[in-house]
Amino acid sequence: MADQRLFGTNGIRGIPNEDLTVDFAMRVGKSIGMFVSGDVALGRDTRISGDMISSAVIAGLTSAGHNIVDLGILPTPALQYYCKNHGLYGVMITASHNPPQYNGIKVIDKDGTEIERPSEEKIEGIYHSESFSTVKWEDVGRIRYVDDALDQYIGGVLSKVEVNRIKEKKFRVLVDTGNGAAYFSTPMLLERLGCTVVTLNANPDGRFTSRNAEPKPENLRDLMALMSTGNFDLGVAHDGDADRVVFIDEKGEFIDGDKSLALLVKNVASAGDIVVTPVSSSDIIADVCSSVGATLIRTKVGAPIVARTMIQNGAVIGGEENGGVIYGKHQYCRDGAMTLSLMLDLMARSNKKISELVRELPQYFLDKRQVERTVDWSRLQKELQKGEKVDLTDGVKILKEDGWILIRPSGTEKILRIYAESTDMSTARKYADQYVAKIRDLQEKLG
């Protein structure tokens, strides 16, 4: 953690007792304590290091005089909902989709959104300058434990959908919470929606021994196999902190995040509405926006950027291609439970199976890859632009007549993410293969 920048795309990430040490976490807590005001709400996901890291952060915050409202283990959007409704800053201890050896620290603003980059820079400045101050012994913060945050959150989600209409359908839902933060909350939500619920990995195993926390097809084979039996209407999978959700159709087919976002945009947005999504999202979103008369705004990758752009423009819905959907009428952050409820609402209202709804969408194919980054990104970026028509909103998006390729560095790992899209699968694969090879050659040449 020696780099000047501590916060990545989604908070601070590291490996506990290596770079994310107790001392470092306490100093970050002190730094946050110098920036925020009032009581601070705190939550964590199920990772086994959560108690250690949260205790260190709490020590830093309370030494600065802040009382802690400890919400326990819950999804990140549940903490954000609590912060928004109670006007509190928040800290979430999570590494989201990263493997179990990682953990992280995410700071939530009083409106429930992740703090903006300028605020992160102020916290980083306090950390590096060590301009901490502590209060007298009688003024140190105390911890108050709250046990109804999940009830408040689920109640908020249910208020945004037609609960009785969903209940009438008696949907059969298979949900894989991946041992993460939604192990209790999503089954409870589905029960309140009148669904028959069968769970996979709905136990708080902080080692994520059942599957990798990232809800990608290769990590969801058990869920997809059970869905292929035809005994369920919808399959659901979360990442570690449940701000994202992906869906499996009744035949066991994985539904890309772009398609699930497009379905919700098609059925939530109307003429004149604004929709926000990053440059990494499929052109299917643009087609759907055009069909309903909505305006699409493209941003850099990152949920906080999408959320802030939505707030600035009064957007009704937005999201990313990874299963992270933001519904403005609920709260301006990715929310897996809200997304799941909207999807069930759509299925109930349309009286169609989810596979039927997907078939009605325009057809695009996205091939996603990743390559280890071994050289400085700025040098590689210059080489990738040469002779190409590009969009530099985020990374390098190379525009072809029959598709596009986006190459950008990850904000949380030392990898390059490559997205290749076309209306033809073989073309998308061709471009993905071509640019993976090109990046490897360039890194060897530049390294």
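1. Is helix H7 (residues 185-192) largely enclosed by the rest of the structure or not, and how many of its 8 residues are buried? Here 6 of the 8 are buried, so H7 is largely enclosed by the rest of the structure. "Buried" means under 20% relative accessible area, "exposed" means over 50%, and "partly exposed" is what lies in between, with a 1.4 Å probe and protein chains only. Helices (H or I, at least four residues) and strands (E, at least two) are DSSP runs, numbered from the N terminus.

2. Before going on, some housekeeping. This is a predicted model, where local features need pLDDT of at least 70 and side-chain atom pairs count only at pLDDT 80 or more, while totals for chains, interfaces and linings use all residues. Residues are numbered from 1 along each chain as its sequence is written, and side-chain values use heavy atoms, with hydrogens and water left out.

3. Back to H7. Its buried residues are Ser185, Thr186, Pro187, Met188, Leu189 and Leu190. They pack against two helices, H5 (149-158) and H12, and against strands S7 (172-176), S8 (196-200) and S9 (234-238); contact means heavy atoms within 4.5 Å. After the helix comes Gly194, with a positive phi near 75°.

4. Now the whole chain. The protein chain has 15 helices and 20 strands. Its radius of gyration is 22 Å, close to the 22 Å from the globule rule for 447 residues, so the chain is as compact as a globular protein of that length. That radius is taken over C-alpha atoms, and the rule is 2.2 Å times the number of residues to the power 0.38. Along the principal axes, the C-alpha trace spans about 65 × 60 × 45 Å.

5. On burial and contacts, 58% of the 447 residues count as buried. If you take contacts between residues at least 6 apart in sequence, 69% of them join residues at least 24 apart. The accessible surface comes to about 17,700 Å², and 45% of that belongs to carbon and sulfur atoms. Those areas are from the Shrake-Rupley method with a 1.4 Å probe; for residues, only the protein chains shown count as cover.

6. Charges next. The mean positions of the 55 positive and 62 negative charges are 2 Å apart. Lys and Arg count as positive and Asp and Glu as negative, leaving out His and the chain ends; each charge is placed at NZ of Lys, CZ of Arg, CG of Asp or CD of Glu.

7. The largest nonpolar core has 66 residues, and Leu71, Leu193, Phe247 and Leu344 have the most contacts inside it. A nonpolar core here is a set of buried Ala, Val, Leu, Ile, Met, Phe, Trp, Tyr and Cys residues joined through side-chain atoms within 4.5 Å. Helix H12 (residues 336-350) gives the most to this core, with 9 residues. A second, separate core has 25 residues, among them Leu20, Ala25, Val107 and Ile123.

8. If you want one residue to click on in the largest core, try Phe247. Beyond four places in sequence, Phe247 touches residues including Leu234, Val236, Phe254, Ile255, Leu340, Met343 and Ile354.

9. Val69 sits in strand S3 (residues 68-73) and is buried at a relative accessible area of 1%. Leaving aside neighbours within four places, Val69 is in contact with Asp39, Val40, Ala41, Leu42, Tyr82, Leu88, Arg144 and Val146. Val69 and Gln363 are 294 residues apart in sequence and 47 Å apart in space, C-alpha to C-alpha.

10. The loop between strand S12 (274-278) and helix H10 (284-292) holds Ser282, and Ser280 is found there too. Ser282 is buried, with a relative accessible area of 3%, and Ser280 counts as buried at 2%. Not counting residues up to four places away, Ser282 touches Asp258, Arg298, Tyr364, Trp404 and Glu421, while Ser280 touches Val301, Glu321, Trp404, Leu406 and Tyr419.

11. Two backbone spots to check. Most residues other than glycine have a negative phi. Asn179, in the loop between S7 and H7, has a positive phi of about 65° and counts as buried at 1% relative accessibility. Asn351, in the loop between H12 and helix H13 (354-359), has a positive phi near 60°, but Asn351 is exposed, with a relative accessible area of 56%.
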